[in-house]
Amino acid sequence: MSVKLSLMLGAGGHLPCGAGEAEFEAFYDREMKPLVRALDAFPSITMVFYYSGVILHWIERRHPEFFMLFEDLLSRKQAEFLGGGFYHPPLPLLPQADKIGQIEMLTTYLRKHFGRRPQGCWLHAWEQSLVGPLNSCGMNYTFLDDRQFQAAGAKPNQAGLFFPRVTEDQGKLITVFPVARALGRQLRDGSASRVLGEVLKKLPDGEWPVLVCPFGAEAGDAGTGEFSHERFLEELLGADPRIECTTPARAFKNLKHLERVYFPGAGAFPGSGDEIPPRQFLVEYPEAGGIYAKMVHVHTLINNQLRGDKTRKRTAMEELWKAQDSSVFRLGGAFSPGLLHSPVRKAAYRSLLEAENIIREKGKFTPSLSVFDFDLDGEGEYIFQDEKLNCCVKSRGAGVFELDYLPAAWNYLDTFSPPAEPGARGERRRAFVDWLAPPKTPAGSLGPHGIPGGRFCGGEEYEPFQTDRPRCRQSFRLPPRPGLPFGEIEIEKTWQLKKNALALEYVLKNSSSSGVSFVFCPQIDLSFPGEGEGFLRVLAQREGKKEGLVFDNAITAGNIRALEFQDIKNETLVALEASQTFDASLFHVRAEFCGRSEYQSTCVMPVFPISLDGGAARRIAFWLRINS
């Protein structure tokens, strides 16, 4: 029987910049080191590697001797390195210049350290429009899950295997190898000779397919318990002689007369934790959408304001690229932290704000109020900026959805809250979004999902009026809404940026002719590096005295004039002051992450009991100050 099987084994992984040293070390010890050392002992078995620039740079700093093993494998053509985006970005979401820049950055890194330019690449997500930039960067081939071949209408052979295909966009071509991900898991979990023997039995005479299997567990995989790389490779060495290991470059040279197909856009490897295509992920998880919008904004600033300064532009672009990590656009898991893991989001925002710091010329920044569609929802947002602060306000709720303190490169509104109900779309937590509640509602009844029986005005549209750009001042009005609870109450909110501080004045008006009593409660979320004494100390000011507030879940405090939040890691003080004393509920917001509850933000809900006669009004003012 003239059947031959070309086997291409692949291994790789990526961890985001926000991952901790322990996570990098665990992946290195669990997967990289045992695999590469085992492969070194079996010179007739070849493998293809993709490790993101983040992991390679970490290896270079922490285990530089490991690069010698890679160099030995490459020198005897036993291994091949794939390229891609340096920070493993979702390439479909990036501007063309960033796609090419990230690919060339990893290509340059591989060529500099290993003396070889990659011929192919590994992707996080796919869209047909990627063919052009991949081709322009010298990539001859890439890899997609075999289920995407099926979705593209490609037909498998009698053994259920797909042949490589060529795909095209705007006259540019690239070859695509199918990845048998399910078969790769069988190889790792079972007997290699048995699994591959079953494949050989199903192959028709005369066919020499290329079987691409992801053999090594990636950084996102939990592993499969005890596994011996040496035993696996030894068994593979003794498998049917018709099975021959190969590399993509070697296989690519022998491919001829490939069928052309067009692949639908999707995560590059459905079922690997990236089931939701990146663009849809932005919609379903507004926290990811917020980071993406910030990326677009920073990219525009770099190109508009640094045209003549190549050095600063390159430095700012590299900070931007760090934030374009695919981990932000997936929920993540125990071995591959993603959006759910607060440090991953914090690292993305830190890089974006570092880029913004590079863009700004020191000593030449003028405070401003501008209106433009910052979050890409089709509506204008109100952006307050001075030397140290960025504050972004939406007319929906007239609350803050981003609050950047540039000296610390920190967004204090980087929050996450899972949907209240399964299947519901998430809602970003914000600062100064308003609740109206029945009278005598106690502060202790307030929680992460607000006030039971209360009216949440944070989801209602406030009408902007009285824009004063020179004074960085903007007013909003929530008109009376007959038929709604406390619908006779009109709310005016006036925001003003004052020398590294935000001032907010409320005017609550009773538009009816009869009296009304209610509880007014603005919800204020702030996101710190963590909870506990090593991250955050909270102090309440009462009549000139300060008292520390210690709480694990929630606490109710009374007769407060001001609250201080000491951000230990950023060496920053955030102070919330009010024009009158108030009671408040304070609690930490957490989200489940791999079986444990992880801190996301700290919420303050001040309570103001109010009674208004017909036509009467009440003023309440707040100041939010941030200092190093």
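**Close-ups of a predicted model**

**View 1. Helix α12 crosses helix α14 with a left-handed twist**. This is a predicted model, and the view picks out the stretch where α12 (residues 286-305) runs alongside α14 (residues 342-359), with axes that come within 10 Å and cross at roughly 20°. An angle under 35 degrees counts as roughly parallel, so that is the label for α12 and α14. On the α12 side, look for Gly 290, Ile 291, Lys 294, Met 295, Val 298, Leu 301, Ile 302 and Gln 305. Facing them from α14 are Arg 345, Ala 348, Tyr 349, Leu 352, Leu 353, Ala 355, Glu 356 and Ile 359. Sorted by class, this contact between α12 and α14 has eleven nonpolar residues, plus two polar and three charged ones.

**View 2. Helix α3 meets helix α4 at roughly 85°**. Here α3 covers residues 66-75 and α4 covers residues 96-114, and their axes come within 10 Å. The crossing angle falls between 65 and 115, so α3 is roughly perpendicular to α4. From α3, the residues to find are Phe 67, Phe 70, Glu 71 and Leu 74, while α4 brings Tyr 109, His 113 and Phe 114. In class terms, the α3 and α4 contact is made of five nonpolar residues, one polar and one charged.

**View 3. Helix α1 packs on α3 at about 40°**. Helix α1 runs over residues 21-40, and its axis sits 10 Å from that of α3. How are α1 and α3 set relative to each other: roughly parallel, roughly perpendicular or oblique? At about 40°, the pair misses the under-35 cut-off for roughly parallel and stays short of the 65 to 115 range, so α1 and α3 are oblique. Their crossing is left-handed. Tyr 28, Met 32, Lys 33, Val 36, Arg 37, Leu 39 and Asp 40 line the α1 side of this contact, and they meet Phe 66, Leu 69, Phe 70 and Leu 73 of α3. The class tally for α1 with α3 is eight nonpolar and three charged residues, with no polar ones. Phe 70 may look familiar from the previous view: it also meets α4.

**View 4. The buried residues of helix α2 pack against helices and strands**. Helix α2 spans residues 53-62, and its buried residues are Gly 53, Val 54, Ile 55, Leu 56, Trp 58 and Ile 59. Their packing partners include the helices α1, α3 and α4. Strands join in too: β1 (5-13), β2 (47-51) and β3 (79-81).

**View 5. Leu 413 sits in a loop between β17 and β18**. The flanking strands are β17 (410-411) and β18 (431-437). Is Leu 413 buried or exposed? With 1% relative accessibility, Leu 413 counts as buried, because the cut-off for that label is under 20%. Val 400 is 13 residues away in sequence and 7.9 Å away from Leu 413, C-alpha to C-alpha. Setting aside residues up to four places away in sequence, Leu 413 touches Val 400, Phe 401, Glu 402 and Leu 403, along with Arg 428, Arg 429, Arg 430 and Ala 431, and also Asp 525 and Leu 526.

**View 6. Arg 473 is in strand β21 and partly exposed**. The strand covers residues 473-478, and Arg 473 has a relative accessible area of 25%. Beyond its neighbours within four places in sequence, Arg 473 is in contact with Leu 369 and Phe 384, then Gln 466, Thr 467 and Asp 468, and finally Thr 494, Trp 495 and Gln 496. Thr 602 is 129 residues along the chain from Arg 473, and their C-alpha atoms are 27 Å apart.

**View 7. Gln 466 and Asn 500 both have positive phi**. Most residues other than glycine have a negative phi. Gln 466, with phi near 55°, belongs to strand β20 (residues 463-468) and is exposed, at 57% relative accessible area. Asn 500 has a phi near 65° and lies in the loop between β22 (489-497) and β23 (501-510). Asn 500 is buried, with a relative accessible area of 12%.

**View 8. Confidence along the chain, with a weak spot at residues 217-224**. The mean pLDDT of the protein chain is 90, and 95% of its residues reach 70 or more. Over residues 217-224, though, the pLDDT is below 50, and this stretch has 25 contacts in the model beyond near neighbours in sequence. Where pLDDT is low, the predicted coordinates should not be read in detail.

Note on methods
Residues numbered from 1 in each chain as written. Predicted model: local features only at pLDDT ≥ 70, side-chain atom pairs only at ≥ 80, totals over all residues. Heavy atoms only, no water. pLDDT = per-residue confidence, 0-100. Contact = heavy atoms within 4.5 Å. Helix = DSSP H or I, 4+ residues; strand = E, 2+ residues; numbered from the N terminus. Buried < 20%, exposed > 50% of the residue type's maximum accessible area, 1.4 Å probe, protein only. Axes fitted to C-alpha atoms, helices over the stretch in contact; angles between N-to-C directions. Parallel < 35°, antiparallel > 145°, perpendicular 65-115°, else oblique. Left-handed = near helix turned anticlockwise from the far one by under 90°. Nonpolar A, V, L, I, M, F, W, Y, C, P; charged D, E, K, R; others polar.
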